[in-house]
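Reader: I am new to this structure and should like to understand the terms applied to it. Could the reasoning behind each label be set out?

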Amino acid sequence: MIQLQSELINLLQLAYSAERAASFAYQGHAAVVKLQEEKESIYQIELDEWEHRAEVLKIMQSYNIPISRWYEMKYFIIGKIISMSCYLIGWFMPMYFAGRLESGNVNEYYRMIDLFHQLNITKHDAILTEMGLKEKEHEIYFLNKVKQHKWLPFFEKAFNWGNSKSFNSINENELK
């Protein structure tokens with residue numbers, strides 16, 4: 001059996017648990033938006049996150065990587081708190097922070113590819129690339145929802161993500 005790097009094992013365990021947290025958050029998020037089209041779009045993003053969780057689990061199982069109980073508990077609580085907070089804080093912050101989070105998630109999947117390549121493993125490239133690009137689509141969706149909002153300049157400055165700042169270098173044209 002190939003010995004994976006501890007960083008890769010941690011990234012897989014983290015992604016597995018964090019995808020569930022995101023799914024829970026999007027349940028609350030979809031519940032509070034008013035437009036049916038937005039509800040459907042956010043619901044599709046939730047489904048994408050559940051699918052990513054299943055794909056990460058397949059990779060973990062192929063290397064006998066255990067699910068982290070700590071991450072499962074931590075991200076379960078985080079996801080549920082975010083979901084409930086959507087009912088209290090309006091639409092802008094959930095949209096903003098969802099986009100910011102998705103922006104960073106792109107890098108995690110590409111980092112996994114890099115770490116697998118260090119071990120000469122390329123069999124996961126397609127699914128990890130697909131998931132990374134899907135996270136970029138999610139980032140773009142949420143950015144488009146907030147890019148005209150009056151608070152975006154302040155949030156972009158404070159949290160380092162927005163119209164002119166992303167946590168990844170994937171170009172929107174690469175999605176086509």
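Author: The following exchange takes salt bridges, burial, a surface patch and a pocket in turn; the model discussed is a predicted one.

Reader: What makes Glu 7 and Arg 111 a salt bridge?

Author: A salt bridge requires a side-chain nitrogen of Lys or Arg within 4 Å of a carboxyl oxygen of Asp or Glu. The closest N and O atoms of Glu 7 and Arg 111 are 2.8 Å apart, so the pair meets the definition. It links distant parts of the chain, since Glu 7 is in helix α1 and Arg 111 in helix α4, 104 residues apart.

Reader: Why are Glu 7 and Arg 111 given their accessibility class?

Author: Partly exposed residues lie between the limits of 20% and 50% relative accessible area. Glu 7 has 35% relative accessibility and therefore counts as partly exposed. Arg 111, with a relative accessible area of 30%, is therefore partly exposed as well.

Reader: How do you know that Arg 20 and Glu 72 form a salt bridge, and which parts does the pair tie together?

Author: Their N to O distance is 3.4 Å, which is within the 4 Å cut-off, so the pair qualifies. Arg 20 lies in helix α1 and Glu 72 in helix α3, so the pair ties together parts that are 52 residues apart in sequence. Both Arg 20 and Glu 72 are buried. Arg 20 and Glu 72 are also linked with Arg 53 in a network of salt bridges.

Reader: Why is Glu 38 called buried or exposed, and what of its partner Lys 145?

Author: Buried means under 20% relative accessible area. Glu 38 has 15%, and is therefore buried. Lys 145, at 28% relative accessibility, is not under that limit and so counts as partly exposed. The two residues form a salt bridge, their closest N and O atoms being 3.3 Å apart. Glu 38 stands in helix α2 (residues 36-62) and Lys 145 in helix α5, 107 residues apart.

Reader: How many salt bridges are there by this rule?

Author: The count comes to seven salt bridges.

Reader: Which class does Lys 147 belong to, and why?

Author: Lys 147 has a relative accessible area of 36%, and is therefore partly exposed. Its place is in the loop between α5 (125-146) and α6 (152-159).

Reader: What makes Phe 76 suitable for a nonpolar patch on the surface?

Author: A patch residue needs over 30% relative accessible area and no salt bridge. Phe 76, in helix α3, has 35% relative accessibility and so counts as partly exposed; this value therefore passes the limit of 30%. The patch consists of Trp 70, Met 73, Phe 76, Ile 77, Ile 81 and Met 84, with about 630 Å² of accessible area together.

Reader: How do you know what the lining of the largest pocket is like by class?

Author: A residue counts as lining if it has an atom within 4 Å of a pocket point. The lining of the largest pocket has 18 nonpolar, three polar and three charged residues. The pocket has a volume of about 440 Å³. Of its 24 lining residues, Ala 22, Ile 78, Ile 82, Phe 97 and Leu 101 are the closest to its centre.

Reader: Which helices each supply at least two residues of that lining?

Author: They are α1 (6-32), α3 (69-89) and α4 (92-118). The largest share, nine residues, comes from α1.

Technical notes: Residues are numbered from 1 along each chain as its sequence is written. This is a predicted model: local features need pLDDT of at least 70, side-chain atom pairs count only at pLDDT 80 or more; totals for chains, interfaces and linings use all residues. Side-chain values use heavy atoms; hydrogens and water are left out. On a 1 Å grid over the protein atoms alone, a cavity is a set of points where a 1.4 Å probe fits but cannot get out, and a pocket is an open set with protein on both sides within 12 Å along at least five of seven lines; lining residues have an atom within 4 Å of a point. Grid points are joined across faces, edges and corners, and a volume is the space filled by probe spheres set on the points. Helices (H or I, at least four residues) and strands (E, at least two) are DSSP runs, numbered from the N terminus. Ala, Val, Leu, Ile, Met, Phe, Trp, Tyr, Cys and Pro count as nonpolar, Asp, Glu, Lys and Arg as charged, and the others, Gly among them, as polar. Patches are made of residues with over 30% relative accessible area and no salt bridge: like charges are joined within 9 Å, nonpolar side chains (Val, Leu, Ile, Met, Phe, Trp, Tyr) within 5 Å. Accessible areas come from the Shrake-Rupley method with a 1.4 Å probe; for residues, only the protein chains shown count as cover. Buried means under 20% relative accessible area, exposed over 50%, partly exposed in between (1.4 Å probe, protein chains only).
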